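Student: I should like a close look at a single part of this model, with attention to how its strands pair and how its charged side chains meet. Please proceed step by step and give the computed values.

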Amino acid sequence: MSSEQSSEQLVQSFLMGSKQSQSGQRRLDLLNKIDALGSLSAAAKACGMSYKGAWQAVEAMNQLSGVPLVTPQKGGAGGGGMVLTQAGRSLVAAYQLFNEQMQHWLRELETMSPDVLSQLDLMRKISMKTSARNLFHGSVTKIEKGAVNCDVTLAIGGGSEVVAQITRGSLERLALEVGSDAYALIKASWVILMEPQKGAFKTSARNQFCGSIMKIDVGEINSDVSIQLEGDQAISAIVTNQSVASLGLVAGHRCCALVKASHVLLAVSD
């Protein structure tokens, strides 16, 4: 890959993720605040982050860059702090310049073609690759924080929701808050199928999806069952052929898919 092609792909990635780059922007804002305040704790507070979350962000940035962007500074009236290295200052300056030019270009593009920006979001969605068979895009509607884990509710359209249980560290690392766009990823092998019940039924699984079976691809041992849900959503499950037979699963019949909240992975465009 040539340097010109590499640069073009980076620009495309930045543009297509422009609505989803909250995490990256927060990290760069954190670098700005560290540079201005000379303290990680003060910078974290100014950015609305916990000290632990800010420390993890700094560690991630230093690791990803290959060279230190932030370094401790000993001494001084406050007993020391943190400062940006030359590489860190260069990164912030480059981001500010690129962001200014991009915003200028987007304003001109919107004037020439008002509908084009709405297509960036669709391009971003269809460009995402994952090994998980089930990928749902939505908006965070609720966050319940516990001492260790957090329950995050994602509205995925058609009146459906997905609940994911993640650690507080993951919540901070992904910079999730109510209103954030996010993806819910569920491996097909984590989906449990059951027959729809006439009355109410109880289960420990937080996520329950019911719909009509679209198709069943039968293998030697397992089958791939695809279920059509409300709002043009679909979910796939990998179950044994014996389970297909015992449940009497047939294309066109109703079926329910159960997924534990701890089996839902969350992702954001960075």
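Tutor: A salt bridge is here a side-chain nitrogen of Lys or Arg that lies within 4 Å of a carboxyl oxygen of Asp or Glu. The model is predicted, and a search of the whole structure finds three such contacts.

One of them joins the side chains of Asp151 and Arg206, with an N to O distance of 3.0 Å. The two partners belong to distant parts of the chain, 55 residues apart: Asp151 is in strand 4 (residues 149-157), while Arg206 is in the loop between strand 7 and strand 8. Their surroundings can be compared through relative accessible area. Asp151 counts as buried because its value of 15% falls under the 20% limit. Arg206, at 41%, is partly exposed, because values from 20% to 50% are put in that class.

The loop that holds Arg206 leads to the sheet. Five strands form this open sheet, in the order 7-11-8-9-10, with antiparallel pairing. Strand 7 (192-194) and strand 10 (234-240) are the edge strands; each has a single partner, so one side of each has no neighbour in the sheet. From one strand to the next, the twist averages 45°. In general, the strands of a sheet are held in register by pairing through backbone hydrogen bonds, in a parallel or an antiparallel sense.

The sheet can now be followed from the strand 7 edge. Strand 7 is joined to strand 11 (residues 254-259) by three bridges, and the two run antiparallel. Met194 faces Cys256 of strand 11.

Further along the order, strand 8 (residues 207-218) is antiparallel to strand 9, with six bridges between them. Ile216 has Val225 in strand 9 as its bridge partner. These two strands form a hairpin in which three residues separate them.

Strand 8 also carries a charged pair, since Lys215 and Asp217 fall within its range of residues 207-218. Their side chains meet in a salt bridge at 3.8 Å, N to O. Asp217 has a relative accessible area of 38% and is partly exposed. Lys215 is likewise partly exposed, at 44%.

Strand 9 (residues 222-228) is mostly covered, with five of its seven residues buried. On its other pairing, strand 9 meets strand 10 in the antiparallel sense over seven bridges. Ile227 has Ile235 in strand 10 as its bridge partner. The hairpin of strand 9 and strand 10 has five residues between the strands, and there Gly231 adopts a positive phi near 70°.

The remaining salt bridge joins Lys142 and Glu144, whose closest N and O atoms are 3.6 Å apart. Both residues fall in strand 3 (134-145). Lys142 is partly exposed at 44%, and Glu144 is partly exposed at 38%.

To return to the pair taken up at the outset, Asp151 is buried at 15%, whereas its partner Arg206 is partly exposed at 41%.

Conventions. Residues are numbered from 1 along each chain as its sequence is written. This is a predicted model: local features need pLDDT of at least 70, side-chain atom pairs count only at pLDDT 80 or more; totals for chains, interfaces and linings use all residues. Side-chain values use heavy atoms; hydrogens and water are left out. Helices (H or I, at least four residues) and strands (E, at least two) are DSSP runs, numbered from the N terminus. Two strands pair if DSSP finds at least two bridges between them. Axes are lines fitted to C-alpha atoms, for helices over the stretch in contact, and angles run from 0 to 180 degrees between N-to-C directions. Buried means under 20% relative accessible area, exposed over 50%, partly exposed in between (1.4 Å probe, protein chains only).
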